[in-house]
Every structure is written in structure tokens, then in C-alpha cells.
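Reader: Could you walk me through how to read helix packing and charged side chains in a model like this one?

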Amino acid sequence: MKINRIKEELKVSLLTAIYLLVWFGIMMLIKVLLLEDYHIDFTRTTVFIAGALGVSHAIDIFGKVPLFRKSTPPAVFEIVVRIIIVLAGVFILLILEKSFDERHEYGGFINSFKNLANHADIYHIWVNTIAVLGALIFYYMWSIVKKHLGGKSLWDILLAPIPGKEIIKDE
């Protein structure tokens, strides 16, 4: 019984991690292509991988936490609340990461944090936050849609004919 539960948890965690790795990989590819235009090398691949794995782990753990104990609000409300909470955590971690990266330039972590708005990389924080926002919106919306589909998977739906488009044969 425990083995099946562990397998199911690993499957869900792995699918979430793969989804975020693809999403963040596309974001990284866009950054690389944009920076290539200015002949700037991009070398933060491990940050994207660690970020994707970290966010997927946070989503998996946070998904098990009930937000509302006494009421069952509409799904959209729960999606928005979960996105805001996870996105706030991601934003804080990005701010701390940039402050830590620039600590030598500003004479320490605290000074770097105080001068965060003056960093040249402040726009990277906003771009990364917006990209994570997109990933979270699609992830949480799909998780709700998947629950409404029941036993059907997305592939079952995509491989079936479009409803109302059946070919009528002449008799």
C-alpha cells in the first residue's frame, strides 16, 4: 500500500518537475536568444534547473495544504490564492538571490538589498517572476480541469474526434 502511494507521489512530483523544467527551459532559451543579439553569454543554466525543481517541490508540498477549512470557495479563488502565495515566495527568493549575487559590488548583503532597485538585474527579477506566474497559472488551471475530467487523460481527449464533427455516412 505504501509502495503504491510512494510511486504515485513520485509520478506527480516528476510530472510537475518536467512541466516546470520545460517552461523554464523555454524561458531560458528566449533569454539566450535575446542576449545573443547583444553578444552576451548566458551561463545560469543551473539556476534555472534548481529553480524549476525548487518551485515544483514547493507546489507539490503546498498542494497538500488545505487553504480553507470551513468553506469551499470557487476553484478560481483557490487558484488565485495559491498563485499569490507561491509567487510571493518565488519573488522573495529572487530578491534574496540577486542581493546575495551583488553583495561584493555594494559592500555586503544588507547594502546590496538596500540598493536592489538600482541593480542592473532588477528587470530579471520581474521577468522571472512574470514567467513563473505564467507557469503557475497554467499549472493550477490544468490541475482543476484534470479533476473535472475524471479518469480521462489529455491524450484520450486529444486522440478522440472533436465532438460534433463526426462524419455522417450515407446509407
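Author: Gladly; we will go through helix pairs, then charged residues, then a few single positions. Please keep in mind that this is a predicted model.

Reader: How should I describe two packed helices?

Author: Two packed helices are described by the angle between their axes and by the distance between those axes. Take H1 and H2 as a case: their axes are 8 Å apart, and the packing angle is about 145 degrees. The crossing of H1 past H2 is right-handed.

Reader: Which residues in H1 and H2 meet?

Author: On the H1 side they are Val-12, Ser-13, Thr-16, Ala-17, Leu-20, Leu-21, Phe-24, Met-27, Met-28 and Lys-31. On the H2 side you will find Thr-45, Phe-48, Ile-49, Gly-51, Ala-52, Leu-53, Val-55, Ser-56, Ile-59 and Asp-60. Sorted by class, this contact of H1 with H2 holds 13 nonpolar, 5 polar and 2 charged residues.

Reader: What is the crossing angle of the axes of H2 and H3?

Author: Roughly 145 degrees, with the axes of H2 and H3 coming within 11 Å. H2 passes H3 in a right-handed crossing. Val-47, Val-55 and Phe-62 of H2 make the contact with Arg-82, Ile-85, Val-86, Val-90 and Glu-97 of H3. By class, the contact of H2 with H3 has 6 nonpolar, no polar and 2 charged residues.

Reader: And at what angle do H2 and H5 cross?

Author: Helix H2, residues 45–62, and helix H5, residues 122–149, cross at roughly 35 degrees, and their axes come within 13 Å. The H2 and H5 crossing is right-handed. H2 contributes Ile-59, Asp-60 and Phe-62 to the contact, while H5 contributes Leu-136, Tyr-139 and Tyr-140. Those residues of H2 and H5 divide into 5 nonpolar, no polar and 1 charged.

Reader: Let's move to charges. How many salt bridges does a search of the whole structure find?

Author: The search finds 1 salt bridge. Its partners are Glu-78 and Arg-82, whose closest N and O atoms are 3.0 Å apart. Both residues lie in helix H3, 4 residues apart, which is about one turn of the helix.

Reader: Are Glu-78 and Arg-82 buried or exposed?

Author: The general step is to compare relative accessible area with the cut-offs: under 20% is buried, over 50% is exposed, and in between is partly exposed. Glu-78 is partly exposed because its relative accessible area is 27%. Arg-82 counts as buried because its relative accessibility is 7%.

Reader: What about Glu-102, which is buried yet has no salt bridge: which side chain of opposite charge is nearest?

Author: That is Lys-98, 6.1 Å away from Glu-102. The cut-off for a salt bridge is 4 Å between a side-chain nitrogen and a carboxyl oxygen, so a pair must come within that distance to count. Glu-102 sits in the loop between helix H3 (75–101) and helix H4 (109–114). Setting aside neighbours within four places in sequence, Glu-102 is in contact with Ser-112, His-119 and Asp-121.

Reader: Where does Lys-98 lie, and what is it in contact with?

Author: Lys-98 lies in helix H3, and Lys-98 is buried, since its relative accessible area is 7%. Beyond neighbours within four places in sequence, Lys-98 is in contact with Ser-112, Leu-116, His-119, Asp-121, His-124 and Ile-125. Lys-98 and His-124 are 26 residues apart along the chain, with their C-alpha atoms separated by 9.2 Å.

Reader: How can I read separation in sequence alongside separation in space?

Author: Put the two values side by side for one pair at a time. Met-28 and Phe-42 are 14 residues apart in sequence and 8.9 Å apart in space, C-alpha to C-alpha. For Val-32 and Leu-158, the values are 126 residues and 33 Å.

Reader: Which residues does Met-28 touch, not counting those up to four places away in sequence?

Author: Met-28 touches Phe-42, Thr-45 and Phe-48. Met-28 is found in helix H1 and is buried, with a relative accessible area of 18%. Val-32 also lies in helix H1, but Val-32 is partly exposed at 30% relative accessible area. Thr-45 belongs to helix H2 and is partly exposed, with a relative accessible area of 35%.

Technical notes. Residues are numbered from 1 along each chain as its sequence is written. This is a predicted model: local features need pLDDT of at least 70, side-chain atom pairs count only at pLDDT 80 or more; totals for chains, interfaces and linings use all residues. Side-chain values use heavy atoms; hydrogens and water are left out. Helices (H or I, at least four residues) and strands (E, at least two) are DSSP runs, numbered from the N terminus. Buried means under 20% relative accessible area, exposed over 50%, partly exposed in between (1.4 Å probe, protein chains only). Lys and Arg count as positive and Asp and Glu as negative; His and the chain ends are not counted. Contact means heavy atoms within 4.5 Å. Axes are lines fitted to C-alpha atoms, for helices over the stretch in contact, and angles run from 0 to 180 degrees between N-to-C directions. A crossing is left-handed if the near helix is turned anticlockwise from the far one by less than a right angle, and right-handed if clockwise. Ala, Val, Leu, Ile, Met, Phe, Trp, Tyr, Cys and Pro count as nonpolar, Asp, Glu, Lys and Arg as charged, and the others, Gly among them, as polar.
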